[in-house]
Each structure stands twice: as C-alpha cells, then as structure tokens.
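Here are my notes on the model, set out as numbered points. Please read them with the structure open.

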Amino acid sequence: MHSVIWVVIAVVVVWGLAAQRVPGLVWATVLASAIALWDVFLDPPAPLWIAAWSVFLVVVLPLAFTPLRRVLISAPLLRVFKKIMPAMSDTEREALEAGTVWWEAELFGGDPDWDQLFNLPQPALSEDEQAFLDGPVEQLCAMLDDWDITHERRDLPPKVWRFLKDKGFFGMIIPKQYGGLEFSAQAHSAVVMKVASRSITAGVTVMVPNSLGPAELLLHYGTKQQKQHYLPRLARGQEVPCFALTGPEAGSDAANMPDRGVVCHETFKGKKNTLGIRLNWDKRYITLGPVATVLGLAFRLFDPEHLLGEEEDLGITLALIPTKTPGVKIGTRHNPLDIPFQNGPNWGENVFIPLDWVIGGRERIGQGWRMLMQSLAAGRSISLPALSCGAGKVACRATGAYARIRRQFKLPIGRFEAVEEGLGRIAGYTYLMEAARTLTARAVDLGEKPSVASAIVKYQLTEHMRRVVNDAMDIQGGSGICLGPRNFMGRAYQALPISITVEGANLLTRALIIYGQGAVRCHPYVLNEIRAVAEPDQKRAVKDLDEAIFGHVRYTLSNVARAFWLGLTGARLVRAPVDGPARRYVQKLTRLSTAFALISDIAMLTLGGTLKRKEKISGRFADVLGFMYLASAVLKRFEDDGRPVEDIPLLHFACRYCLHEAEKTLVVILKNFPNRFLAWLVGGLVFPAGRRNHVPDDRMNHDCAALLLEPSPARDRLTRGIYLPPTTRAALGRLEDALPRVIAAELLERRLAKLVEEQPLLHGDLEAQLKAALEQNMLSNAETKLVRAAVAARRGVIAVDDFEKI
C-alpha cells in the first residue's frame with residue numbers, strides 16, 4: 001500500500017513542478033500531504049516510512065513555500081553565484097541587452113505560440129513604395145550596365161550617382177519631415193533586392209546609407225539640432241555618409257578598438273578654449289569611405305583631466321565628422337574581390353572636434369556600443385538578406401532558363417538528374433530565403449529590433465546564397481567561368497565572400513552571436529538570473545533569483561515531460577492553427593522546439609560558463625535555431641500566399657530540408673556532449689522512437705526543379721521582385737526572350753531529329769534540314785521560321801564573350 005501511495009505522491013509532485021506556475025507546486029504539496037495523512041491514518045507507518053516521510057517534508061516543504069525556500073535555498077545560492085560568476089562588463093551587458101527578441105524566442109522556449117506567427121498581417125507595400133519600385137527603381141536598373149561598372153569604369157557612372165541622389169535612394173529610411181522617403185523595412189528590402197539583382201555594386205551603394213550609418217544613428221539618438229542639420233542633407237544626397245567602425249586591430253572585436261579620443265580644450269574655428277575631443281584613429285574596409293562627405297566614427301573616449309566628471313574611461317562613443325575637417329585623411333580604395341563599390345581606409349591624426357559633434361550630444365557619451373548593437377539589426381535583417389534573395393532569384397530565373405535552353409545529348413540539360421538535383425536545391429533554398437527575408441522585415445516594421453533574428457537571417461541567407469550560386473555555377477559550366485557582358489552569375493560568385501564577411505563575419509555570427517546572445521535573450525529565465533546576481537540590493541536579489549531559478553526548474557521539468565511525450569507520439573496531438581500541407585510541419589517544428597529547449601538547458605546547466613568557449617556546440621545550437629526559424633518563415637509565407645497548389649513542392653522541400661538539418665544537428669550535439677551518460681539519457685527522452693525527419697526525396701527535388709524550366713505563375717512568384725530587362729542586350733533579357741521560343745520549337749526540332757536519323761548527311765546543317773522538312777511537308781514555312789528563331793536565340797544564350805586583350 002505504501003509503495004502505491006508513494007508513486008501517487010511522486011506523480012503529483014512532478015506535476016506540480018512541471019506546472020510552470022508556483023501555485024501548481026503549492027497545490028501539489030498540499031495534495032501530497034493529504035495523501036500522506038490518509039495513508040498514516042489507514043496504516044500506521046513503520047520506522048522506515050517515518051524516515052521517508054521526514055525526508056519528503058524536508059525536501060518538498062521548502063520548495064513549496066516561498067518564504068522558507070528563499071531563506072533556505074535561494075539566499076545561499078545567491079552567495080555562491082556571486083562568487084563564481086565573473087563580473088559582467090558594461091560592454092558585455094549592452095551587447096546582451098541590445099535589441100529585442102521576437103518569434104525566435106518562441107522557438108527557443110520550446111512551446112511556440114503559432115497563433116502569434118500566423119496572425120501577423122501579410123507584408124505589403126504602400127502606394128508610394130510600389131510606385132517607387134515601378135518608377136525610379138526600374139529606371140535605375142535600366143541605366144545600369146554591370147560590365148561597364150565592374151570592368152570599364154570601376155565605379156558607377158556619374159549620371160547614376162546623380163540619379164541616386166536626386167531620387168532619394170540615400171534617404172529611404174529618413175522621415176518625410178526631413179525630406180526623406182520614409183519607407184518601411186519591407187520597401188527598403190525590396191528596393192535593395194531589385195537593384196542588387198541588376199548590379200551588386202549599385203545594390204551595395206544603395207544599401208549602406210540606409211543601414212548602419214549616420215542616418216540610422218541620428219534617427220534614434222541624434223540631438224534635435226543634429227537631425228535638423230544632417231537628415232535633410234543626407235536625404236537629398238547633398239551629404240554622402242559612411243561609418244568607420246572596423247580597424248586593423250579591431251575587426252569583430254570592435255569593443256576593444258584602439259582608436260581613441262581625449263577630452264580637452266582647444267581653439268576651434270577661431271573660438272578659444274572650446275571643449276571638445278582630440279581624436280586619433282585608423283580604420284579600413286569602410287564602404288563609401290572614398291567618396292563620403294561626412295564620416296561616422298566609433299572610438300574610445302578618455303577624460304584624464306576630469307573635464308566631464310570623475311570617470312577617466314568614458315567608453316565607446318560615436319561622432320559625426322565632416323571629411324574636410326583638418327587632420328582627417330581619406331585613403332584611396334580597396335578592391336573587394338573586383339566588385340568596385342566604393343570602399344577604402346581612412347584615418348585621423350590629432351583631429352579636434354567640438355563636443356556637440358558626438359551623436360546624441362554629451363548625454364550619449366560612452367553609449368556608442370549600445371547604439372551600434374541596436375542599429376546593426378538594420379543591416380543584418382534588411383540589406384544583406386535582400387541582396388541574398390536577389391542572387392537566389394536571378395539564379396532561379398536565369399539558370400533555370402539556361403538549363404532548358406542549353407542542350408546536350410539531344411536533351412535540355414535540365415532534364416538530366418545531375419543537373420536537376422542542383423536546380424531543385426536552387427528553387428527550394430530561394431523559396432525559404434525569400435520567406436525569411438519578408439518575415440524579418442515585417443518584424444522591423446512592427447517596431448522590433450530583432451538582434452537574434454537579424455543575426456539568423458544574415459548568417460543563414462548569405463550561406464544559402466553561397467550554396468545557390470555554387471549550384472548555378474556548376475550548371476552553367478564553362479559559360480559561368482568566362483566573365484563578360486553575357487555572364488550573369490560570375491560577379492555574384494566573385495562577391496559571395498563579401499556578404500559572408502561584412503556586418504559580422506559568419507563564423508563569428510554563428511558561433512558567438514546567434515546562440516551566445518540568443519541563449520541569454522531568448523531563454524525565459526537566464527537573463528533574469530544574470531540580472532538577479534548583479535542586483536546590489538540583497539533582498540531584491542534573493543527575491544528575483546528565487547523567481548528565476550525555480551521558474552527555470554519548472555520550465556526544464558516541463559520540457560522533459562513534453563519532449564518525451566512529443567517524441568513518443570510524433571507530436572501528432574499538437575494543436576496547429578492551420579490546415580492543409582502546413583499543419584504537419586507545425587507539429588513537427590513544435591516537437592523540435594521542445595527538444596532544442598531541453599538539450600539547450602541541459603548544456604547550459606552542465607557546461608555553465610564554458611559553453612561560451614565551446615564554439616562548435618554553440619554553433620550547432622545556432623544552426624538548429626536558425627533552421628527552425630527558416631522553416632517557420634516558410635509556413636508563414638505559404639499561408640500568406642493563399643496555399644497555392646503549385647507551390648506545395650517548394651513548401652515540402654524547404655520544410656523537409658530544415659527539419660532534417662535541425663534534427664540531425666541536435667543528434668550531433670548529443671554525440672559530442674562531454675557527459676556521455678547525460679547525452680544518452682537526454683537522447684532517449686528526446687528521440688524515444690529515433691529520428692523522424694529525413695531529407696527531401698528525389699520526387700520533391702524533381703518537382704521543384706521542374707518549376708524553373710518553363711514559364712508559370714509559380715516561377716513568377718518564386719522570382720518576384722527582381723529586375724527583368726525588357727531587351728535582349730542584357731544577359732537575363734536574352735534568356736527571357738529565348739526560353740518561350742525554344743519551348744515552342746521543341747516538338748518541331750524533334751521532327752528534324754527524326755529526319756536526321758533517316759538522312760545522316762543532314763547532320764549539322766540546319767538549313768538543309770529545314771529545306772528537306774519543307775519538301776516532305778514535315779514543317780510549314782511558319783514553323784521553319786519558328787525553328788530558325790529558336791536556334792538563333794539558343795545560340796545567343798550559350799555564346800560566351802571573348803576579347804582581343806584582357
């Protein structure tokens with residue numbers, strides 16, 4: 001009888017711990033105590049059971065009753081944590097607390113609220129934004145000749161620079177009250193994508209003034225006078241901005257930049273004893289630096305004479321400096337992999353600036369790192385994902401057409417499975433990239449500053465762009481490696497490492513930022529635990545730590561139970577707010593989210609602070625979170641598009657791929673877990689029936705590839721938003737013209753092939769074949785003209801450039 005009672009009590013207490021609310025544990029303890037009294041009344045216990053009950057009361061009562069728990073457990077824990085946890089610097093704290101968390105936090109927490117995602121309004125452009133895309137952006141793209149830009153001029157033509165300034169391309173994020181366009185993040189992203197699909201050089205030139213730079217920083221932190229002076233000038237292109245952050249000694253480790261300023265008094269513009277800053281710096285890789293008229297600068301500020309207060313090291317500070325200021329040196333140009341956007345070094349030697357040139361004025365001194373971390377989300381979540389999607393869509397449109405037009409062994413090369421496999425990946429990856437681009441831009445428009453989600457899309461989309469472009473180059477073969485006006489993928493291939501490197505190198509982004517910052521910001525309790533330990537008020541610290549620690553315990557136990565149940569049932573009982581093909585993927589993602597949350601918690605619990613240095617493990621956690629984010633974006637896109645039947649292959653491919661990669665990576669994490677017994681135990685809980693998600697099969701790959709090989713609404717949706725040249729002078733325009741011609745002539749050309757089989761002497765002589773076909777009534781005059789046009793178009797597409805002198 002006692003054994004049965006103890007089983008019941010154990011179940012009740014575990015339920016109470018897993019209830020995710022303190023009252024659950026209290027009621028569990030009351031119920032367990034009632035059961036115990038009932039047991040004692042019915043059957044007086046032996047000494048062994050008395051000892052067991054004593055242990056039960058000693059353990060459970062402090063856990064159940066808050067005042068007792070805080071005295072006996074939380075206060076001692078606080079003293080231990082204060083001794084073992086290293087002090088967090090202001091820089092680390094600012095980096096961790098920068099920005100906001102959004103949908104990625106739901107995925108991190110293990111029980112995502114899918115209603116939150118699917119109830120988001122669909123992304124849309126305003127009338128003004130759409131008119132800008134259809135007007136000035138279309139005009140700009142028509143003006144661009146990428147071969148002329150990259151090979152002949154090594155720069156944008158003067159008329160393009162003038163057009164960019166006159167039409168407001170540098171002021172898309174600036175409010176209308178200052179003369180800007182005041183575009184949404186969605187529109188900003190769409191403009192960059194379209195321009196980059198025509199010219200990467202032009203795309204980078206447009207995106208930099210609208211991402212991390214003076215305008216972004218002024219909007220959020222500038223003084224009224226700074227905004228009124230600079231924003232109208234930036235909006236109309238009167239000022240060309242750049243932002244100098246990276247230096248030879250401080251790349252990714254920007255917090256330790258050696259560039260320094262010293263508070264002092266000097267004569268400035270004839271005014272003696274002006275309070276300001278004497279600066280020395282050395283920067284490189286600064287986009288628009290060689291042509292900039294105003295320089296945003298990050299530096300470390302010191303006040304050795306205590307002119308501003310008691311502190312000597314005031315921290316990282318940001319300032320705006322006209323490039324004509326005495327002592328400012330603008331270098332020549334870097335050559336970033338032969339993609340000639342303006343980029344170069346600059347430095348300053350004993351440059352004096354007044355204190356009011358600090359962005360935000362005196363109040364913002366020392367807040368530069370936080371300001372930068374908040375603002376980095378724009379470049380990561382808008383510009384680079386847009387550029388990546390532009391490359392992916394061009395690959396879909398152009399390489400898909402090329403694979404249908406180009407023939408080998410009497411078949412379009414796209415019909416061969418080796419080529420088809422690459423085409424399928426190109427289509428599937430581009431579909432998921434576009435889904436993540438629009439979802440993250442939507443978050444920015446809703447007021448979020450998604451520091452973790454922006455790092456996810458920066459890393460994942462630039463990496464998938466690399467895979468897409470590599471597949472496209474494999475399919476293009478020789479025509480892909482011969483640079484010239486006809487080559488539509490070569491420059492994208494050259495430019496790949498640029499996007500991988502900028503705005504935080506991908507190695508760093510993956511290993512340190514996505515999970516390093518995500519584990520603290522997205523976890524429901526970790527940041528509160530850190531804050532509690534740092535809290536100077538002892539009473540408040542104990543209270544906060546108690547709430548955070550025991551909330552964390554209940555959260556972990558809940559995830560243990562959920563992970564095992566969802567693994568056992570395959571999550572088939574999970575409620576999904578959507579029907580149709582997306583429903584099952586919602587359930588599977590919920591299961592993976594719970595598994596991720598549990599394994600992540602176990603890793604943080606057992607590895608503690610060393611997890612920060614275990615970059616292989618933290619990088620894999622970043623991959624899992626990233627693939628879950630991509631898959632959820634795909635589901636949102638499919639639902640927003642109205643569940644088009646033609647897009648179902650893309651949905652299946654993208655979701656299967658993401659789920660497989662996420663699950664496989666969780667297994668790899670467990671296989672490399674230092675504590676082997678714990679890894680075995682957690683693996684059994686999370687995967688009680690083994691792995692359930694597999695790679696997209698060949699049929700899915702075939703169906704995705706087929707979408708790229710001929711015109712269709714699905715192909716148009718997949719490549720929507722890029723520039724399609726209206727003439728055959730451009731490589732993509734030539735492909736657009738040739739594809740329908742070649743498809744229309746395919747049946748006729750098969751008749752000619754049969755004729756050649758019967759009369760081998762006709763081989764290789766098109767005009768002889770057409771003459772014979774006419775004589776034998778196999779083709780009409782109109783059909784021979786169609787064949788001639790198709791053959792001429794095909795030859796125009798497969799031709800490559802050659803030069804007298806290189």
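1. C655 is buried, with a relative accessible area of 1%. This cysteine sits in helix α25, which covers residues 648-671. Apart from neighbours within four places in sequence, C655 is in contact with Y585, A631, V634 and L635. F627 is 28 residues away along the chain, and the C-alpha atoms of C655 and F627 are separated by 9.1 Å.

2. The model is a predicted one, and its confidence should be stated early. The mean pLDDT of the protein chain is 88, and 89% of the residues reach 70 or more. Residues 17-25 have a pLDDT below 50, although this stretch has 20 contacts in the model beyond near neighbours in sequence. I would ask that any remark about those contacts carry the pLDDT of residues 17-25, which is below 50.

3. On the overall make-up, the protein chain has 31 helices and nine strands. It contains 806 residues, of which 57% count as buried. Among contacts with a separation of 6 or more, 76% are between residues 24 or more positions apart.

4. How many disulfides does the model hold? The count comes to zero. A disulfide is a covalent bond between the sulfur atoms of two cysteines. C704 serves as a worked case: the closest cysteine sulfur to its own is that of C396, at 9.8 Å, which is too far for a bond. The cut-off applied to a pair of cysteine sulfur atoms is 2.5 Å. C704 is also buried, at 0% relative accessibility. C141 has a relative accessible area of 0% as well and is buried.

5. Helix α12 deserves a look. Eight of its eight residues, 200-207, are buried, so the helix is largely enclosed by the rest of the structure. The buried residues of α12 are I200, T201, A202, G203, V204, T205, V206 and M207. In general, an α-helix has 3.6 residues a turn, so residues three or four places apart point the same way. In α12, both I200 and V204 are on the buried list, as are G203 and M207.

6. Is Q226 buried or exposed? Q226 is buried, with a relative accessible area of 8%. Its place is in helix α14, residues 224-235. Leaving out residues up to four places away in sequence, Q226 touches L218, L231, D356, W357, V358, I359, G360 and G361. The run from D356 to G361 is therefore part of what surrounds this buried glutamine in the model.

7. The structure holds two cavities of 30 Å³ or more. The largest has a volume of about 70 Å³. Its lining is made up of Y402, Q476, S479, C482, R486, N487, F488, V797, A799, V800 and D801. By type, these lining residues divide into six nonpolar, three polar and two charged.

8. The second largest cavity has a volume of about 50 Å³. R486, F488, A731, R734, L735, G796 and V797 line it. Two elements give two or more residues to this lining, α29 (731-758) and α31 (781-798). Of these, α29 gives the most, with three residues. The lining of this second cavity divides into four nonpolar, one polar and two charged. R486, F488 and V797 appear in the lining of both cavities.

9. Which residues other than glycine have a positive phi? K269 is one of them, with a phi of about 50 degrees. K269 lies in the loop between β2 (260-268) and β3 (271-287). This lysine is exposed, with a relative accessible area of 74%. N777 is another, with phi near 60 degrees. The loop between α30 (766-775) and α31 holds N777. N777 is exposed too, at a relative accessible area of 69%.

Technical notes:
Residues are numbered from 1 along each chain as its sequence is written. This is a predicted model: local features need pLDDT of at least 70, side-chain atom pairs count only at pLDDT 80 or more; totals for chains, interfaces and linings use all residues. Side-chain values use heavy atoms; hydrogens and water are left out. Buried means under 20% relative accessible area, exposed over 50%, partly exposed in between (1.4 Å probe, protein chains only). pLDDT is the predictor's confidence in each residue, from 0 to 100. Contact means heavy atoms within 4.5 Å. On a 1 Å grid over the protein atoms alone, a cavity is a set of points where a 1.4 Å probe fits but cannot get out, and a pocket is an open set with protein on both sides within 12 Å along at least five of seven lines; lining residues have an atom within 4 Å of a point. Grid points are joined across faces, edges and corners, and a volume is the space filled by probe spheres set on the points. Ala, Val, Leu, Ile, Met, Phe, Trp, Tyr, Cys and Pro count as nonpolar, Asp, Glu, Lys and Arg as charged, and the others, Gly among them, as polar. Helices (H or I, at least four residues) and strands (E, at least two) are DSSP runs, numbered from the N terminus.
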